[in-house]
Amino acid sequence: MKSLFLVDLPGGYSISYAELLDLLRQQKGCNVILRAKHLRPFYQHLILAMINDLQVYLVDEDFELPLALQEKENTNVLINKEKTTKALETWDTLQHSLLHSKATLSLFTSGTTAVPKQINYPIGRLLRNIRIGSKYAAGRWAFCYHPAHMAGLQVFLQAFLNHNLLVNFFGLDKPLILDLLERFRISHISATPTFYRLLFPTGQIYDKVQGVSIGGERSSPKLHARLHEAFPNAKLYNLFATTETGTLFASEGDYFVIPKAIQSKVKFVNNELLLHRDLLADPGILNPEQEWYQTGDTVIIDEKGRFQFAGRKKDTINVAGYRVKLVEIEEALDQIPGIQQYRVYGRKNALTGNIICCDVKLLDPDLSIATIKSLLKENLQAFKVPRIIKIVDEISMTHTGKIKR
Amino acid sequence: MLAEARQKVIEIIQLVCEEKSPPVAILEEIKEKTHLRNDLALDSLELAELTVRLEDEFQIDIFEDGVIETVEEIYQRLSI
């Protein structure tokens, strides 16, 4: 039987490893700006770039590239024919080539200023977390993350390098997800707490699932209990990862233990997690004299020195596993002439952690909430558009004269 | 009183639905058995918005104790 690489129902196709190799052999060049619209071309270009040790830029669908990169979009970079042909001879040669790749993955993250920071990630760093071996050979993965984000990349590499099946679950609704879990006898799921919460109650148990990882947001004992119920044979893992570092901590419970090897490189200041520059994929994001990187992640520490992810500092909030920088929304509001002042903030809820809300004070009394929303939608991804907008007479200020968040 | 509270719930669901493009529901169509995700096609962000709006009205986070699927389950959670 042909072994399948990818099943993408929304895309309407499936592709085997043999077919993928054929497609790759026919490809003459490779894009280095990878927008995560469709999985198959995205991975085709990523694989070619890895074989050729190129620098690729992984970006969201709506990401506005820095000027210097714009000309690279949609232009094919020539690839080394000899090297590529050799790597694509068989699956084993491809796996070997990818495992020794010197490619650089560039991702953009929102820093403390409005300008997105480019992080250059040597692929070797990511590959270090990948486990390969016969134990992993039969994996069948539910793919539940954004493909261009760190978590999605790690799932892809873990699955692909073990010749596993990936089934695209990203953005699907509950009945289809439950159907696919059964139909493809999924063995591993890696997703955010929000993804799992939306599956409950599942109505039946899925005993073929062996591994369930949770990442990106705070999870809870209640969620763990429900996961154990639905997936009785699965081992649960909590993962802590950031765009700047990749996966750093893993635990089987609510609390993370800092591995001995990096104990001196992790500290907490005012309950914020700080990482030593040695742990960063790209220490270039810090000033040369800066030793510690402030993650913006707040934690709860117990008496044994273990910690739990509590949330984000106020300038960034977590919406269903996505980090949203409030300043990005504020900038989009700045573009709307009829708005005089605004306050953007998160509202907590048990489903997505937070949703974005904002209060606005209008200059133009005829401006409607619907118009504001549709204008914001032009510039922001759906999860960043404030869900609840209130028109107010006065915006509340803090005692230092800053607008409250 | 109960009928009033239920009417308020329906209005809030309606409000969330109206902001979808294209809007999916009209007032008469929302019944007890209406399924929030399957019938009204509310996604996770819209469900979260619904929760927050309901919390403003009723001071209860309906998703606190697990996922709600139908309008009837909202009534139960809010004890109305």
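Student: How many helices and strands does chain B have?

Tutor: Let's begin there, keeping in mind that this is a predicted model. Chain B has three helices and zero strands, and its pattern along the sequence reads α-α-α. Of its 80 residues, 52% are buried. Among contacts in chain B between residues at least 6 apart in sequence, 53% join residues at least 24 apart.

Student: How many residues of chain A and chain B are in contact?

Tutor: On the chain A side there are 25 residues, in contact with 21 residues of chain B. Together the two chains bury about 1900 Å², with 57% of it on carbon and sulfur atoms. In chain A, the residues that lose the most area to chain B are Leu198(A), Leu351(A) and Arg387(A), together 26% of what that side buries.

Student: Where does Leu47(B) sit, and what does it touch?

Tutor: Leu47(B) lies in helix α2 of chain B, residues 44–58. Leaving out residues up to four places away in sequence, Leu47(B) touches Leu198(A) and Leu351(A) in chain A, along with Leu36(B), Arg37(B), Leu42(B) and Phe63(B) in chain B.

Student: Is Leu47(B) buried or exposed?

Tutor: Compare the accessibility with the cut-off: a residue under 20% is called buried. Leu47(B) counts as buried because its relative accessibility is 1%.

Student: Now for charge. What is the general idea behind a salt bridge, and how many cross the interface of chain A and chain B?

Tutor: Side chains of opposite charge can pair when their charged atoms come close. Across this interface, the rule finds three salt bridges. One pair is Asp56(B) with Arg347(A), whose closest N and O atoms are 2.9 Å apart. There is also a network of salt bridges that links Arg387(A), Glu49(B) and Arg53(B). As for polar contacts, four residue pairs are counted between the chains, with both residues at pLDDT 80 or more.

Student: Which element gives the largest share of the chain A side, and which kinds of residue make up that side?

Tutor: Strand β21(A) gives the largest share, three residues. By kind, the side of chain A that touches chain B divides into 11 nonpolar, three polar and 11 charged residues.

Student: Which salt bridges can I look at within a single chain?

Tutor: Try Lys83(A) with Asp53(A), where the closest N and O atoms are 2.9 Å apart. This pair links distant parts of the chain, 30 residues apart: Lys83(A) is in helix α4, and Asp53(A) is in the loop between α2 and β5. Lys83(A) counts as partly exposed because its relative accessibility is 34%, and Asp53(A) is partly exposed at 29%.

In chain B, Lys8(B) forms a salt bridge with Glu11(B), with closest N and O atoms 3.8 Å apart. Both residues lie in helix α1 of chain B, three residues apart, about one turn of the helix.

Student: Where is Phe307(A), and what is it in contact with?

Tutor: Phe307(A) is in strand β18 of chain A, residues 307–312. It counts as buried because its relative accessibility is 0%. Beyond its neighbours within four places in sequence, the contacts of Phe307(A) include Phe249(A), Tyr255(A), Phe268(A) and Val299(A). Tyr255(A) is 52 residues from Phe307(A) along the chain, yet their C-alpha atoms are separated by 5.3 Å.

Student: How is chain A divided into domains?

Tutor: Domain 1 covers 4–171 and domain 2 covers 316–391. The centres of these two domains, taken over C-alpha atoms, are separated by 32 Å.

Key:
Residues numbered from 1 in each chain as written. Chains lettered and ligands numbered in written order. Predicted model: local features only at pLDDT ≥ 70, side-chain atom pairs only at ≥ 80, totals over all residues. Heavy atoms only, no water. Contact = heavy atoms within 4.5 Å. Buried area = accessible area lost by both parts, 1.4 Å probe. Salt bridge = Lys/Arg side-chain N within 4 Å of Asp/Glu carboxyl O. Polar contact = N/O pair within 3.5 Å; in protein donor to acceptor, adjacent residues only side chain to side chain. Helix = DSSP H or I, 4+ residues; strand = E, 2+ residues; numbered from the N terminus. Nonpolar A, V, L, I, M, F, W, Y, C, P; charged D, E, K, R; others polar. Domains from an automatic or database assignment. Buried < 20%, exposed > 50% of the residue type's maximum accessible area, 1.4 Å probe, protein only.
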